[in-house]
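This report describes two buried charged side chains and one pair of packed helices. Please consult the sequence and the model while reading.

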Amino acid sequence: MDQIGDLVLFSAVARTGSLAAASERLHVSASGVSRRVERLEERLGVRWVNRTTRSLTLTEPGASLWERCDDILSAVEDAESAVSQVNLDPRGILKFASSDAFALLVAVPFLEAFQEKYPHLRVMLLQGDGPIDMLADGVDIAIRFELPSTASFIVRKLVADPWVVCASPGYLNQHGPISKPADLHDHRCIVIHANGRTTSRWQFSSAERATYDIDVEGVTYGIGLVAREAALSGLGVARLARFLVREKLESGELVQVLEEHMPNDDRSVYAVYPDRQYLPTKVRLFLDELADYMAATMPS
């Protein structure tokens, strides 16, 4: 009797709301998932789910089990972590979510060494610039650039990552210098549009005024990676996260402007993970290694 396996299967069915999606997640045939659901219902004498040709919903007993399922599976994982912590040989799957830009420029280079060091741990990289439901998607760690609004997560600051206003040398030579934020009104600005928000209002600070906003005009270029390429191509002035442009500033391909006018708002890269009594070894090791990597490659 594989009771833990049954809970894992139930968790997948409840999270996805679909036998087919659960079978894909568990790498088991849809018919196999259906048979195991039926066998478990027969063994317990209750019906977990109501199934139609188009939908799957939890029954009242199923919803009651679902409330306890995550805690049970987390306790099992914590127990396994306590054992694996002795030899620091984490195993299993770790789901790590980040933006496309962070995945490409930071996570992938970091994982090259991390996977070699911990070959038995499979890191599943989930990238995307849209919202992610960490609990529903079973994400262990997510990268955020703003503090989450809910108290159900633990937040660890990895590195400071202030905004940088920059342009290519060719653009500045052609269109003139930028010495104060008001000069941006005479320049073509590259505006990011992501997650339904357009960042056409840039914040600055000065000795006389704490902070103030400048509304810039320009062309919208989508996510940060695209805006960076547009700036490198000389298409305008961009405001980008420092991790996105650090190497390009060091190489001289981009030039920072208005540095003394940038606000001291402590914008940072944060690692966010669910609040649990015991932090699994795989999560702790991953966080420690990632923090060390970023401190070495992205010093504050």
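Arg267 is buried, because its relative accessible area is 14% (buried means under 20% relative accessible area, exposed over 50%, partly exposed in between, with a 1.4 Å probe and protein chains only). The model is predicted: local features need pLDDT of at least 70, side-chain atom pairs count only at pLDDT 80 or more, and totals for chains, interfaces and linings use all residues. Residues are numbered from 1 along each chain as its sequence is written, and side-chain values use heavy atoms, with hydrogens and water left out.

Arg267 lies in the loop between β15 (255–257) and β16 (268–274). Not counting residues up to four places away in sequence, Arg267 touches Phe145, Ala160, Asp161, Pro162, Trp163 and Ala241 (contact means heavy atoms within 4.5 Å).

Asp183, in the loop between α7 (169–175) and β8 (189–191), also counts as buried, at 12% relative accessibility. Beyond its neighbours within four places in sequence, Asp183 is in contact with Pro177 and Ile178.

The table gives a backbone partner for each side chain.

| Side chain | Backbone atom | Distance |
|---|---|---|
| Arg267, polar atom | Asp161, oxygen | 2.7 Å |
| Asp183, polar atom | Ser179, nitrogen | 2.9 Å |

The axes of helix α8 (residues 224–232) and helix α9 (residues 242–251) come within 10 Å and cross at roughly 25°. The two helices are therefore roughly parallel (angles under 35 degrees count as roughly parallel). Gly224, Leu225, Arg228 and Leu232 in α8 meet Leu244, Val245 and Lys248 in α9. These contact residues comprise four nonpolar, one polar and two charged.

How values were computed. Axes are lines fitted to C-alpha atoms, for helices over the stretch in contact, and angles run from 0 to 180 degrees between N-to-C directions. Helices (H or I, at least four residues) and strands (E, at least two) are DSSP runs, numbered from the N terminus. Angles under 35 degrees count as roughly parallel, over 145 as roughly antiparallel, 65 to 115 as roughly perpendicular and the rest as oblique. Ala, Val, Leu, Ile, Met, Phe, Trp, Tyr, Cys and Pro count as nonpolar, Asp, Glu, Lys and Arg as charged, and the others, Gly among them, as polar. A polar contact is a pair of N or O atoms within 3.5 Å; within protein, one must be able to donate a hydrogen and the other to accept it, and residues adjacent in sequence count only if both atoms are side-chain atoms.
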